[in-house]
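Trainee: Mind if I quiz you on the labels people put on a model like this one? I'd like to hear the reasoning behind each of them.

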Amino acid sequence: MGADGEELAKDLGPLAALTIGVGTMIGAGIFVLPGPAVARLGPLTALAFVVGGALALLTALSASELGTAMPVSGGAYYYINQGLGPLFGSIAGWGNWLGLAFASAFYMYGFGAYVNEFISVGGLTLGPLSLAPAQIIGLVGAAFFIAVNYIGAKETGRLQNVIVITLVAILAVFTLFGLLDANLETLRPIDPFGWTPLLPVTGLVFVSYLGFVQITSVAEEIQDPGRNLPRAVIGSVVLVTAMYVLILLAVLSAVEFDVVAGNETAVVDVARILMGPLGAAALLLGGLLATASSANASILASSRINFAMGRAKLVTP
């Protein structure tokens with residue numbers, strides 16, 4: 001709450017709070033990491049995602065406690081500022097904001113790359129400045145998401161709900177096709193590289209669990225935060241962990257190991273094998289939606305960190 005006692009409107013319902021966390025996490029663990037992780041650990045990669053989810057859940061429990069006790073904008077920045085003072089609060093706030101700014105740019109570049117798979121766009125040269133197609137699309141997409149966020153959190157939450165529900169539906173159909181073609185024999189041996197790489201691979205896949213913390217950055221705008229915030233934080237980790245494991249096991253039991261190992265577009269190639277060109281297009285759309293949801297949530301969360309720092313006079317109000 002600001003010095004003037006005013007609070008932000010509570011425009012985010014329980015579903016929007018959940019999809020902010022799920023939408024930020026659901027990308028890398030499905031569309032990027034399975035190939036490199038399976039190349040190092042084999043089918044045991046599913047256990048690495050379980051261990052990563054369990055570790056993330058411990059952090060989620062702490063985050064939900066802090067968010068429930070201090071349901072205000074800013075999330076981790078606010079907690080550090082309150083506990084350790086403005087010096088460490090400034091370091092945490094600027095660091096978190098810059099991190100989310102770069103992450104948003106990364107997501108939008110990925111968004112541009114996926115869109116360019118559907119709609120071919122040419123590059124652009126303006127004097128010494130040269131923009132690739134993915135950069136042009138990413139800039140246009142960023143302008144759109146910033147505009148939606150500027151209009152209000154309610155509109156951002158609604159857009160996030162649509163994106164994430166559509167993405168989860170696509171992945172559910174893909175998983176069903178994988179399970180229908182499953183052959184448990186392809187999962188053997190489950191540990192072709194032994195158990196030694198388990199912890200290093202867990203560290204690799206753990207980065208895909210970091211998005212749930214963004215929920216606490218918008219805690220002030222969540223309806224009934226005492227109930228909905230911990231449900232969203234903990235629920236997003238549990239839901240995403242279950243999705244990661246189910247999708248990975250469905251993929252590894254439906255196709256040969258070599259199709260996935262080391263393949264950075266593994267799920268798209270598996271979808272092409274199981275569902276044909278339409279399936280590959282659906283998973284490309286899923287990748288597009290995953291990058292969009294991550295960018296949308298990151299732009300929303302980063303703006304609340306600046307806002308909270310302005311309240312505390314650490315930056316200009």
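Mentor: Go ahead, and let's start with the vocabulary: helices are DSSP runs of H or I with at least four residues, strands are runs of E with at least two, and both are numbered from the N terminus. Keep in mind that this is a predicted model. On that basis the protein chain has 13 helices and 2 strands.

Trainee: What makes the protein chain as compact as a globular protein of that length?

Mentor: The globule rule is 2.2 Å times the number of residues to the power 0.38. For 317 residues that gives 20 Å, and the radius of gyration of the chain is 20 Å too, so the chain is as compact as a globular protein of that length. The C-alpha trace spans about 65 × 50 × 35 Å along its principal axes, and buried residues make up 49% of the chain.

Trainee: Why is A48 called buried?

Mentor: Buried means under 20% relative accessible area. A48 comes in at 0%, so it counts as buried. This residue belongs to helix α4, residues 45-69. Leaving out residues up to four places away in sequence, A48 touches L41, L198, V201, T202 and V205. Its C-alpha is also 7.3 Å from that of L199, although 151 residues separate the two in sequence.

Trainee: And D191, why is that one called partly exposed?

Mentor: Partly exposed is the range between the buried cut-off of under 20% and the exposed cut-off of over 50%. D191 has 27% relative accessibility, so partly exposed is the label. You'll find D191 in the loop between α8 (153-180) and α9 (198-206). Its side chain makes a polar contact of 3.0 Å with the side chain of W195. P43 is 148 residues away from D191 in sequence, yet 6.6 Å away C-alpha to C-alpha.

Trainee: How do you know that R188 and E185 form a salt bridge?

Mentor: The test is a side-chain nitrogen of Lys or Arg within 4 Å of a carboxyl oxygen of Asp or Glu. Here the N to O distance is 2.9 Å, and the pair passes. R188 is exposed at 58% relative accessibility, while E185 is partly exposed at 49%. The whole structure holds 5 salt bridges.

Trainee: What makes the R311 and E220 pair a tie between parts of the chain?

Mentor: Their closest N and O atoms are 2.7 Å apart, which makes a salt bridge. R311 lies in helix α13 (residues 266-311) and E220 in the loop between α10 (214-217) and α11 (225-254), so the pair links parts 91 residues apart in sequence. E220 is buried, at 1% relative accessibility.

Trainee: Which residue forms a salt bridge with E221?

Mentor: R304 does, with 2.8 Å between the closest N and O atoms. R304 is in helix α13 and E221 in the loop between α10 and α11, so this pair ties together parts 83 residues apart in sequence. Both R304 and E221 are buried.

Trainee: Last one: which residues make the nonpolar surface patch?

Mentor: I80, L84, L87, F88 and I91 make it, with an area of about 510 Å². Two elements give two or more residues each, α5 (76-84) and α6 (86-118). Helix α6 gives the most, with 3 residues. I80 sits in helix α5.

Key: Residues are numbered from 1 along each chain as its sequence is written. This is a predicted model: local features need pLDDT of at least 70, side-chain atom pairs count only at pLDDT 80 or more; totals for chains, interfaces and linings use all residues. Side-chain values use heavy atoms; hydrogens and water are left out. Patches are made of residues with over 30% relative accessible area and no salt bridge: like charges are joined within 9 Å, nonpolar side chains (Val, Leu, Ile, Met, Phe, Trp, Tyr) within 5 Å. Accessible areas come from the Shrake-Rupley method with a 1.4 Å probe; for residues, only the protein chains shown count as cover. Buried means under 20% relative accessible area, exposed over 50%, partly exposed in between (1.4 Å probe, protein chains only). A polar contact is a pair of N or O atoms within 3.5 Å; within protein, one must be able to donate a hydrogen and the other to accept it, and residues adjacent in sequence count only if both atoms are side-chain atoms. Contact means heavy atoms within 4.5 Å.
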